[in-house]
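Q: Please take a close look at a single part of this structure and set out its surroundings in detail. A connected account in formal terms would be welcome.

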Amino acid sequence: MDFVYGDYKFVMPGNGQILLSELFTQLQIAENVADVADAVFSNPELLSVEKQENSDWLLKSLKAFNTEEKLTVTMNSGTQ
């Protein structure tokens with residue numbers, strides 16, 4: 001699964017998982033996950049997004065796909 005943000009790309013292996021804070025670091029996103037209000041994937045049958053007790057979010061690959069999907073992260077300020 002490829003995550004792309006601007007000029008940065010991170011590839012998560014199939015059936016893998018990553019914390020949103022780690023993904024922000026990999027993609028050079030200068031935001032704090034404690035400021036995330038919501039995180040939604042366009043097809044929840046392919047990737048689950050679960051808020052953790054520590055204010056981070058766990059992204060888990062559920063099955064392989066070859067379609068273009070979108071992870072939308074909404075900050076407490078309302079920006080996406």
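The part to be examined is the loop between α1 and β4, which holds Leu27; where does Leu27 lie in space relative to Tyr8, and which residues is Leu27 in contact with?

A: The model discussed here is predicted. The account begins with Leu27 and then turns to other residues of the loop and to the elements around them.

Leu27 belongs to the loop that runs between α1 (20-26) and β4 (36-41). With a relative accessible area of 4%, Leu27 is buried, because a residue counts as buried when this value is under 20%. In sequence, Leu27 and Tyr8 are 19 residues apart, yet their C-alpha atoms are 5.2 Å apart in space. Once neighbours within four places in sequence are set aside, the contacts of Leu27 are with Phe3, Tyr5, Tyr8, Lys9 and Phe10.

Leu27 also has a place in the lining of the largest pocket. This pocket has a volume of about 720 Å³. It is lined by 31 residues, and those closest to its centre are Phe3, Val4, Tyr5, Leu27 and Leu71. Two or more lining residues come from each of β1 (2-5), α1 and β7. Phe3 and Tyr5 thus appear both among the contacts of Leu27 and among the residues closest to the centre of the pocket.

Two further residues of the loop deserve notice. Gln28 is located in the loop between α1 and β4 and, although not a glycine, has a positive phi of about 60°. Asn32 is in the loop between α1 and β4 as well. Its relative accessibility is 43%, so Asn32 counts as partly exposed, whereas Leu27 is buried. The side chain of Asn32 reaches the backbone nitrogen of Ala34 at 2.8 Å. Asn32 and Ser21 are eleven residues apart in sequence, with a C-alpha to C-alpha separation of 7.3 Å.

Lys9, one of the contacts of Leu27, takes part in a salt bridge with Asp2, in which the closest N and O atoms are 3.4 Å apart. The structure holds one salt bridge. Lys9 is exposed, at a relative accessible area of 52%, while Asp2 is partly exposed at 46%.

The nonpolar core comes next. In soluble globular proteins, nonpolar side chains tend to be buried together. In this model, the largest nonpolar core has 20 residues, of which Phe3, Leu20, Leu23 and Val36 touch the most other members. The elements that contribute two or more residues to this core are α1, β4, β6 (57-61) and β7. Phe3 therefore links several parts of this account: Phe3 is a contact of Leu27, is among the residues closest to the centre of the largest pocket, and is one of the core members named above.

Val36 leads from the core to β7. Apart from neighbours within four places in sequence, Val36 is in contact with Leu20, Phe24, Lys51, Trp57, Val73, Thr74, Met75 and Asn76. Among these, Thr74 lies in strand β7 (residues 71-75). On the same basis, the contacts of Thr74 are Val36, Ala37, Asp38, Thr79 and Gln80. A polar contact of 3.2 Å joins the side chains of Thr74 and Gln80.

Beyond the loop, Ser55 also has a positive phi, of about 75°, although it is not a glycine. Ser55 is placed in the loop between β5 (47-51) and β6, and at 30% relative accessibility counts as partly exposed.

Methods. Residues numbered from 1 in each chain as written. Predicted model: local features only at pLDDT ≥ 70, side-chain atom pairs only at ≥ 80, totals over all residues. Heavy atoms only, no water. Helix = DSSP H or I, 4+ residues; strand = E, 2+ residues; numbered from the N terminus. Polar contact = N/O pair within 3.5 Å; in protein donor to acceptor, adjacent residues only side chain to side chain. Contact = heavy atoms within 4.5 Å. Salt bridge = Lys/Arg side-chain N within 4 Å of Asp/Glu carboxyl O. Buried < 20%, exposed > 50% of the residue type's maximum accessible area, 1.4 Å probe, protein only. Core = buried A, V, L, I, M, F, W, Y, C linked by side-chain atoms within 4.5 Å. 1 Å grid on protein atoms, 1.4 Å probe; cavity = no way out; pocket = protein on both sides within 12 Å on 5 of 7 lines; lining within 4 Å. Points joined across faces, edges and corners; volume = space filled by probe spheres on them.
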